[in-house]
Each structure stands twice: as structure tokens, then as C-alpha cells.
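Please work through the exercises below with the sequence and the coordinates open, and attempt each task before reading its solution.

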Amino acid sequence: EVRELISFLTDNATLVCTMAERAFLRRVKGGCQVPVGVHGVVDGGRLLVEGIIASLDGSQIYRDSLGGTLEDAEMLGEKLAEKLLSSGGIEVLRQLGIDL
């Protein structure tokens, strides 16, 4: 009942970006102590998600982006995570003791 009462406060663009970002972070087991980042932007009815996985000293950086429909937000976040992991990000995370 409360959710229905305050539903007018929901900003759909923010919700979509957050869904993609959280899906990315879940896949790479990202948190405050892990050198990963992700940012989603809605532009013209499409979603662009940018992500990064880096070593602690910055000597290894894996960065990429994906775009797609708003409806595919979570899939885009997961797909971007997989893309960065397979390009070398998984080794960076393993060096930090993160088991994926």
C-alpha cells in the first residue's frame, strides 16, 4: 500500500540505470573495496552502460560499454560484466582474492 502511495516519486530512468549497475556489480562481486565501477545513462529512450575493472595500482585497466533498450537493463549489466571479465578483468579480481 505504501509503495503505491509513493510510486509517483519513482524516476524510471534512474531505476533502469540502477538495475543495470547492480547487475554488473553482482556479477563481478563489486563492493566498496573492489576496484570496479559502472555507470548507466538513459539517452533518447536507450540505455548506455559503461564499466571498468582495474588493478589496485592502475597498471591494468579493462573498460568497455554496451547500449541497448531500457527493458534489457539487467541483461546489459550482466553482459558488460562478462565482456570485461573475459577480456582480462577476471585475472585482476582473482589477484585480489575474489572468487568468481
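The exercises concern a predicted model, and they move from the overall fold to a helix and then to charged side chains.

**Exercise 1. Describe the fold in terms of its secondary structure and its burial.**

Solution. Begin with the elements: the protein has three helices and three strands, and along the sequence these are arranged as α-α-β-β-β-α. Next consider the dimensions, for which the C-alpha trace gives about 45 × 30 × 20 Å along the principal axes. Then turn to burial, where 33% of the 100 residues count as buried. Finally, take the contacts with a separation of 6 or more, of which 47% are between residues 24 or more positions apart.

**Exercise 2. Characterise helix H3, stating where the helix is kinked and what covers its buried residues.**

Solution. Helix H3 comprises residues 73-95 and carries a kink of about 80° that is centred on Gly-88. Gly-88 is itself one of the buried residues of H3, which also include Ala-73, Leu-76, Leu-80, Leu-84 and Val-92. The cover over the buried residues of H3 includes helix H2 (12-28) together with the strands E1 (36-43), E2 (46-54) and E3 (61-69). After the helix comes Gly-97, with a positive phi near 85°.

**Exercise 3. Decide which acidic and basic side chains join H3 to other elements, and which pair lies within H3.**

Solution. By the criterion of a Lys or Arg side-chain nitrogen within 4 Å of a carboxyl oxygen of Asp or Glu, the protein has four salt bridges. One of them is between Glu-74 and Arg-26, at 3.2 Å from N to O, and this pair links helix H3 to helix H2 across 48 residues of the chain. Another joins Asp-64 and Lys-83, whose closest N and O atoms are 3.3 Å apart; here the link runs from strand E3 to helix H3, over 19 residues. Asp-64 is partly exposed at 29% relative accessibility, as is Lys-83 at 34%. The pair within the helix is Arg-94 and Glu-91, also with an N to O distance of 3.3 Å, and because these two residues are three apart in H3, about one helical turn separates them.

**Exercise 4. Is Glu-21 buried or exposed, and what is the nearest side chain of opposite charge?**

Solution. Glu-21 belongs to helix H2 and is buried, yet it has no salt bridge. The nearest side chain of opposite charge is Arg-22, which is 6.9 Å away, whereas the cut-off for a salt bridge is 4 Å. Leaving aside residues up to four places away in sequence, Glu-21 touches Val-38, His-39 and Gly-40.

How values were computed
Residues numbered from 1 in each chain as written. Predicted model: local features only at pLDDT ≥ 70, side-chain atom pairs only at ≥ 80, totals over all residues. Heavy atoms only, no water. Helix = DSSP H or I, 4+ residues; strand = E, 2+ residues; numbered from the N terminus. Buried < 20%, exposed > 50% of the residue type's maximum accessible area, 1.4 Å probe, protein only. Contact = heavy atoms within 4.5 Å. Bend = angle between axes of the 7 residues up to and from the residue. Lys, Arg positive; Asp, Glu negative; His and termini not counted.
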